[in-house]
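Here are a few notes from my read-through, set out point by point. I hope they help as you look over the coordinates yourself.

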Amino acid sequence: MKKRTMETSLADQSPRLIRAIERRLFLKQGLSLGALALLSGCEPTDDEGVQSLLMGMSRWNDRAQGWLFNPNKLAPEYPESAITKPFPFNAFYAESEAPLVDGKDYKLELEGLIREKKPWTLPELYALPQTSQITRHICVEGWSAIGKWSGVRFSDFLARVGADTTAKYIGFECADDYSTSIDMATALHPQTLLTFRFADQILPPKYGFPMKLRMPTKLGFKNPKHITAMFVTNEYPGGYWEDQGYNWFSGS
Amino acid sequence: MRSHEVIALAAILAAGTGAWGVEAPGKPMKMDEPMHGEMKKKGMKKGDVKKAAEKKGRGMKPMAEKESTGAAKK
């Protein structure tokens with residue numbers, strides 16, 4: 001993908017903005033929890049009401065981050081010399097347990113607010129116009145690594161299948177039972193790619209064969225691997241980690 | 001030390017240090033084992049992800065079908 005700017009990124013300016021918002025939210029949450037604890041005389045721990053309140057605040061946080069999201073701001077791209085070797089494997093399971101998807105039988109299922117729901121085979125997907133990017137993957141665990149991914153621009157794919165791009169969310173289901181979802185603005189971002197190759201080779205199982213959604217504007221756990229189905233919806237779909245309380249937007 | 005002895009020694013050392021120790025993907029996931037990585041709550045197991053996916057699938061199915069029907073009518 002053509003490099004347009006190096007100044008704007010998840011790695012520099014936007015996290016400061018997000019941290020500032022989160023600090024304000026933390027103070028608000030602290031005040032709300034303090035008042036709640038005084039009223040109820042309870043410790044703010046696993047109480048269902050407190051959890052519900054915190055989830056509500058987190059959803060508010062998501063909306064604030066959505067408002068701040070600039071669909072034209074690009075994450076930095078790097079030269080081939082900057083690629084991290086070896087690129088780390090990261091999942092909730094061991095590398096030897098990464099799913100082996102049979103490429104011959106594979107079909108990408110499409111559901112929800114999409115006009116053409118015909119499943120896509122890998123040869124059909126590989127035949128679409130492809131682009132590449134060398135970008136930084138930033139993990140919520142605190143590490144980052146630079147890699148090269150290639151695939152079809154996701155906005156082009158959504159247009160091709162007649163997705164309702166006025167809908168709010170796109171959800172993903174994966175062969176390892178993982179799930180996540182993203183906002184439509186990020187789905188249409190020019191650097192959001194449905195990728196089939198890593199380092200110019202077909203994605204190996206450890207990096208997400210047969211496909212990974214690559215979004216350099218979002219934290220790593222929002223980039224699903226081994227995608228088997230996607231759906232467009234106006235109902236908040238959450239995701240595995242998001243349902244455990246991780247911030248849903250998690251991007252810049 | 002002769003050359004074939006050097007090769008044999010290097011092979012033994014490489015095996016011992018795990019240089020050939022990365023197993024190929026595709027092994028069945030051990031669901032009752034703790035999750036790998038840092039991004040987890042205490043006590044979470046690999047099998048929790050599958051259980052959550054099944055529960056979410058049941059919850060999302062009626063909504064997905066309703067929206068799919070709506071999209072088909074457009």
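1. Let me start at a turn. In the hairpin formed by β5(A) and β6(A), 4 residues lie between the strands, and Asp177(A) among them adopts a positive phi near 75°. Please keep in mind that this is a predicted model, so that angle is a computed value.

2. Now the strands on either side of that turn. β5(A) covers residues 169-174 and runs antiparallel to β6(A), with 5 bridges joining the two. Two of the pairings are easy to find: Glu173(A) has Ser179(A) in β6(A) as its bridge partner, and Phe172(A) is matched in β6(A) with Thr180(A).

3. β5(A) has another neighbour too. Strand β10 of chain A, residues 227-233, is joined to β5(A) by 6 bridges, and this pairing is antiparallel as well. For a place to check it, look at Tyr169(A), which stands opposite Thr233(A) of β10(A).

4. Is β5(A) mostly covered or mostly open? It is mostly covered, as 5 of its 6 residues are buried.

5. Stepping back to the whole sheet: 5 strands of chain A make an open sheet with mixed pairing, and their order is β2-β1-β10-β5-β6. At its edges are β2 (120-121) and β6 (179-183) of chain A, each of which pairs on one side only.

6. A word on cysteines. How many disulfides does the structure hold over all chains? The count is 0. Cys139(A) takes part in no disulfide, and the nearest cysteine sulfur to its own, that of Cys174(A), is 16 Å away. Seen from the other end, Cys174(A) is likewise in no disulfide, with the sulfur of Cys139(A) as its nearest at 16 Å. A disulfide would need the two sulfur atoms within 2.5 Å.

7. Where do those two cysteines sit with respect to solvent? Cys139(A) is buried, because its relative accessible area of 8% falls under the 20% cut-off. Cys174(A) is buried too, with a relative accessible area of 8%. Cys174(A) is also worth viewing with point 2 in mind, since β5(A) spans residues 169-174.

8. Finally, chain B. Its secondary structure comprises 2 helices and 0 strands. Of the 74 residues in chain B, 19% are buried. The accessible surface of this chain comes to about 5700 Å², and carbon and sulfur atoms account for 61% of that.

Definitions and conventions:
Residues numbered from 1 in each chain as written. Chains lettered and ligands numbered in written order. Predicted model: local features only at pLDDT ≥ 70, side-chain atom pairs only at ≥ 80, totals over all residues. Heavy atoms only, no water. Buried < 20%, exposed > 50% of the residue type's maximum accessible area, 1.4 Å probe, protein only. Areas by Shrake-Rupley, 256 points an atom, 1.4 Å probe, with all protein chains shown as cover. Pairing = 2+ DSSP bridges.
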